[in-house]
Amino acid sequence: DVSRYLHSIEQTVDNDGNPKETSFSYRKQVHSILNSFFEYLRKRRIIVGNPMDCVERPTSKDVVKRKHLDSFDIHFILECIDGGAGSDFAKNKSASWRIRDKAIITLLAMTGMRETALTEINVNDIDFANGTVKIIDKRHKTHVYKMNRAIREALENWIADREEKLAGQKIDALFISNQKKRVSVKCVVSIVKRYSLEGLGYSISPHKLRAAFCTILYNDTRDVEFVRRAVGHTCIETTLRYIADDDSARKEAA
């Protein structure tokens, strides 16, 4: 039933009654809404399993042309982490680290921080009482980010899981590998690529998440100076290079 419905919304009609293909973004939104609804029913034990697990996500035919991510793209990447990415073997192998992976991608996507800064975060840089995350960025600059609800929840879940994995072992690093060492930049890049390929149909780098943060924030605020300060750029020209160029007139004015 779900598959037939999703197939039925691939086309609509215009005002003249002519068939017209619906947008990829719209089909992704519908898929996401259905998945969230059935997942809610599953968690409430109204149904046994989520039927969306057997329904393929909509894929774009022109992914090469898509240069900039939007908030829905970020949502799809985060959403697919719970189910895992890749083959069944790969999903089983990485299952015990999904809480960590979700915290990593949530932080990157919702703060715009660099992956190098993320790997250097220590546990004592997290202040739940004041709702802040402190990082050391390029040129040893210190930035303090306020947690939103998603960041707080992701970090609380990971820190609890981290304590179980360490089993009393003491280590400063917030994010650790399966070898109980500080996670590397290479590992973070691999995590982002794996889940973006699963969620979007093509892989992206952590730097792409930083660019997406800039674009989304600019589209919400239309304040390029605000975006510059939010991501810690030294000059505004750098920030402008991150912002999607689909609004070139207002970007030039900014």
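The following exercises, each with a worked solution, concern a predicted model of a single protein chain.

**Exercise 1. Overall form**

Task: Determine whether the radius of gyration of the chain agrees or disagrees with that of a compact globule.

Solution.
Step 1. The chain has 254 residues, and for a compact globule of that length the radius of gyration would be near 18 Å.
Step 2. The chain has 20 Å, which agrees with the globule value.
Step 3. The extent along the principal axes may be added: the C-alpha atoms fill a box of roughly 65 × 55 × 30 Å.
Step 4. As to secondary structure, the chain contains 12 helices and five strands.
Step 5. Among contacts with a separation of 6 or more, 54% join residues 24 or more positions apart.

**Exercise 2. Surface and charge**

Task: State what share of the residues is buried, what area the chain exposes, and how far apart the mean positions of the positive and negative charges are.

Solution.
Step 1. Of the 254 residues, 42% are buried.
Step 2. The exposed area is about 14800 Å², of which carbon and sulfur atoms supply 50%.
Step 3. The chain carries 43 positive and 35 negative charges, and their mean positions are 5 Å apart.

**Exercise 3. Positive phi angles**

Task: Lysine 180 and arginine 222 both have a positive phi; locate each residue and classify its accessibility.

Solution.
Step 1. The background is that most residues other than glycine have a negative phi.
Step 2. Lysine 180 has a phi near 65°. Its place is the loop that runs between helix H7 (149-166) and helix H8 (185-200).
Step 3. Lysine 180 has 28% relative accessibility, so this residue counts as partly exposed.
Step 4. For arginine 222, phi is about 55°. This residue sits in the loop between helix H9 (206-221) and helix H10 (224-231).
Step 5. The relative accessible area of arginine 222 is 35%, and arginine 222 is therefore partly exposed.

**Exercise 4. The nonpolar cores**

Task: Identify which residues of the largest nonpolar core touch the most other members, and which elements each supply at least two of its residues.

Solution.
Step 1. In general, nonpolar side chains of soluble globular proteins tend to be buried together.
Step 2. The largest core has 44 residues, and Ile105, Leu155, Phe175 and Leu209 touch the most other members.
Step 3. At least two residues of this core come from each of helix H3 (71-81), helix H5 (98-111), helix H6 (115-119), strand E4 (132-136), H7, H8 and H9.
Step 4. Another core, of 10 residues, lies apart from the largest one and includes Ala211, Phe213, Val231 and Tyr242.
Step 5. Leucine 155 can then be examined individually. Beyond its neighbours within four places in sequence, leucine 155 contacts Ala103, Leu107, Ile126, Phe128, Val133, Met147, Leu174 and Phe175.

**Exercise 5. Buried residues in helices**

Task: For valine 192, threonine 119, serine 94 and aspartate 161, decide from the relative accessibility whether each is buried or exposed, and list the contacts beyond four places in sequence.

Solution.
Step 1. The cut-off for a buried residue is under 20% relative accessible area.
Step 2. Valine 192, in helix H8, has a value of 1% and is therefore buried. Its contacts are Ile105, Leu108, Ile204, Ser205, Pro206 and Leu209.
Step 3. Threonine 119, in helix H6, is buried because its value is 5%. Its contacts are Arg182, Val183, Ser184, Val185 and Val188.
Step 4. Serine 94 belongs to helix H4 (residues 88-94) and, at 10%, counts as buried. Its contacts are Arg194 and Tyr195.
Step 5. Aspartate 161, in helix H7, also falls under the cut-off at 13%, so this residue counts as buried. Its contacts are Ser96 and Ile99.

**Exercise 6. Separation in sequence and in space**

Task: Give the C-alpha separations of threonine 119 and arginine 182, valine 192 and threonine 221, and glutamate 10 and arginine 44.

Solution.
Step 1. Threonine 119 and arginine 182 are 63 residues apart along the chain, and their C-alpha atoms are separated by 7.1 Å. This pair is also in contact.
Step 2. Valine 192 and threonine 221 are 29 residues apart in sequence and 27 Å apart in space.
Step 3. Glutamate 10 and arginine 44 are 34 residues apart in sequence and 31 Å apart in space.
Step 4. Glutamate 10 lies in the loop between helix H1 (2-8) and strand E1 (11-13). Outside its neighbours within four places, glutamate 10 contacts Lys20, Glu21, Thr22 and Arg27.

Note on methods
Residues numbered from 1 in each chain as written. Predicted model: local features only at pLDDT ≥ 70, side-chain atom pairs only at ≥ 80, totals over all residues. Heavy atoms only, no water. Helix = DSSP H or I, 4+ residues; strand = E, 2+ residues; numbered from the N terminus. Rg over C-alpha atoms; globule rule 2.2 N^0.38 Å. Buried < 20%, exposed > 50% of the residue type's maximum accessible area, 1.4 Å probe, protein only. Contact = heavy atoms within 4.5 Å. Areas by Shrake-Rupley, 256 points an atom, 1.4 Å probe, with all protein chains shown as cover. Lys, Arg positive; Asp, Glu negative; His and termini not counted. Charge placed at Lys NZ, Arg CZ, Asp CG, Glu CD. Core = buried A, V, L, I, M, F, W, Y, C linked by side-chain atoms within 4.5 Å.
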